[in-house]
Amino acid sequence: MAAGDVVEQQEQPWNRQRLRSTNERLLLDRLRASGAASRAQLARDTGLSKPTVSSALASLESAGLVREVGTHAPERGRTAVLYAPDPAAGHALGIDIGRSWLRVAVADLDGTVVARSDVRNRARSSGALADLVVTTARQVVAGSGVAPEEVVHAVVGTPGVYDEKQRRVRYAMHLPGWGRAGLFDRMRAELGVPLEVHNDANLAALGEYTYGVGAGSRLFAYILIGTGLGMGVVSDGRLFTGAHGLAGEIGFLPWPGQQKPARLEDAVSGVAVVEAARRFGMSGQLTAKAVFDAARQGNDAAVRAVRLEGERIAYTVAAAAAVLDPDLVVLGGGVGHSVDLLLQPVRENLRALTPLRPRIAPSRLGEDAVLLGAVATALDTARDVVFERRSAAS
């Protein structure tokens, strides 16, 4: 019995510590999910006793994880202090690497962007692009007023798929040399922040689910149409990436009706819009935006190019609908900005292609979808890291 008593006494401090940490995390998660609350409200919502709630809140406040944000005066009883998570307890870094633009943002734990920078990607090599990412990220952190050590996690969105074993990005055809091994290891080391790498379309889907039109969807597909073509799939709030991280790489689907083997990405992209406009008679320095602007002015060649793009996007949506059965398809990316011109031809052609007709909507986040998806993903980890660090320190 004596030996058993000793074991029980040795286990008690560890058990108490674990229980204390569990209670504190329960309260913090409740405050983050549902907003500011009083001790009494937290006790009712969590089932914890009022003394336990008071003790846990005191520990969280001491650790800098929660703060007083006001008071509530009920009709009966005493005025109650309201508590909420302290958003400045830590920060996350989101990075969107595209062929034309690099976007970087620092956000607090509430997801509020406190500093950001959008710079043209004029890098002529993968090494120069890695340097641009590091330099821009450092400048954004410095301009945010946040101490570098308070930025606890970073997420990068990039074309292609990151191969963790080979330490490199694969299938990023529009960023020459971007598949070189070690580039992201170098960025991690120079930034001094744990850094995850994700496909840009996947992050755009998560961004649209967290902050945009995808909120509440059971299963939706985000089709990113820009320099290339990609798709992110979110099911019940979770990203679906497949067995090797390649789910959604619809740009590799074969495209029919060509004299030579072609991919869907060759037909559905900003480059494809420009090529079609040229075939129909437009000339000069053309961009996809210029073609869409001309179509709005009634230019016949531009209108025909836009209609053709609508047909091809409908084919893409039909393929996604047949495989995924989504309740929503979101069109985003550079071409997605012109959904006002594309929705009608997409819907008309979809009716001719398939009886499956998911709701189609434009991205609410526009060019910020990938960046905000990176921020949201980084925050998931950052909140855990901050809690563990500050709880251990206190």
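Reader: Let's start with one residue: what is the relative accessible area of T136?
Author: This is a predicted model, in which local features need pLDDT (the predictor's confidence in each residue, from 0 to 100) of at least 70, side-chain atom pairs count only at pLDDT 80 or more, and totals for chains, interfaces and linings use all residues. Residues are numbered from 1 along each chain as its sequence is written, while side-chain values use heavy atoms and leave out hydrogens and water. T136 counts as buried (buried is under 20% relative accessible area, exposed is over 50%, partly exposed is in between, with a 1.4 Å probe and protein chains only). The value for T136 is 2%.

Reader: Which residues does T136 touch, not counting those up to four places away in sequence?
Author: T136 is found in helix α4 (helices are DSSP runs of H or I with at least four residues, strands are runs of E with at least two, and both are numbered from the N terminus). A touch is a contact, meaning heavy atoms within 4.5 Å. Leaving out residues up to four places away in sequence, the list for T136 is L102, V104, S117 and V119.

Reader: There's an open sheet with β5 at one edge; what is the order of its five strands?
Author: Strands pair here if DSSP finds at least two bridges between them. In this sheet the pairing is mixed, and the order is β5-β4-β3-β6-β9. The edge strands pair on one side only, and they are β5 (113-120) and β9. From one strand to the next, the twist averages 15°, and to repeat the order you asked for, it is β5-β4-β3-β6-β9.

Reader: How many bridges join β4 to β5?
Author: β4 covers residues 101-108 and runs antiparallel to β5. One spot to look at is V106, which stands opposite A115 in β5. The number of bridges is seven.

Reader: Which residue of β4 stands opposite D96?
Author: β3 and β4 form a hairpin with three residues between them. They pair in the antiparallel sense over seven bridges. Opposite D96 you'll find R103.

Reader: On the other side of the pairing, which residue of β6 stands opposite A92?
Author: β3 and β6 pair in the parallel sense over six bridges. H91 has V151 as its bridge partner in β6. For A92, look across to H153.

Reader: How many of the residues of β3 are buried?
Author: Check both faces, as both are covered. On one side H91, L93, I95 and I97 are buried, and on the other A92, G94 and D96 are. β6 is mostly covered too, with eight of its eight residues buried. For β3, the count is seven of its seven residues.

Reader: Why do the buried residues of α5 sit on the same side, and what arc do they cover?
Author: In α5 (residues 183-191), the buried ones are L183, F184, M187, R188 and L191. They end up on the same side because the arc they cover around the axis is narrow, where the arc is that of the directions from the helix axis to the C-beta atoms. That arc is only 140°.

Reader: About what angle does α5 make with β9?
Author: α5 packs on the sheet, touching β3, β6 and β9. Axes are lines fitted to C-alpha atoms, for helices over the stretch in contact, and angles run from 0 to 180 degrees between N-to-C directions. With the direction of β9, α5 makes about 140°.

Reader: Which residues have the most contacts inside the largest nonpolar core?
Author: A nonpolar core is a set of buried Ala, Val, Leu, Ile, Met, Phe, Trp, Tyr and Cys residues joined through side-chain atoms within 4.5 Å. The largest one has 47 residues, and its largest share, 11 residues, comes from helix α13 (residues 369-393). A second, separate core has 42 residues, including W255 and F292. In the largest core, the residues with the most contacts are L27, L57 and Y222.

Reader: Where in the chain is confidence lowest?
Author: The chain averages a pLDDT of 90, and 94% of the residues score at least 70. Over residues 1-11, though, the pLDDT is below 50, and beyond near neighbours in sequence this stretch has zero contacts in the model. Where pLDDT is low, the predicted coordinates should not be read in detail. Confidence is highest in β3, at 98, and lowest, at a mean of 71, in helix α1 (residues 2-34).
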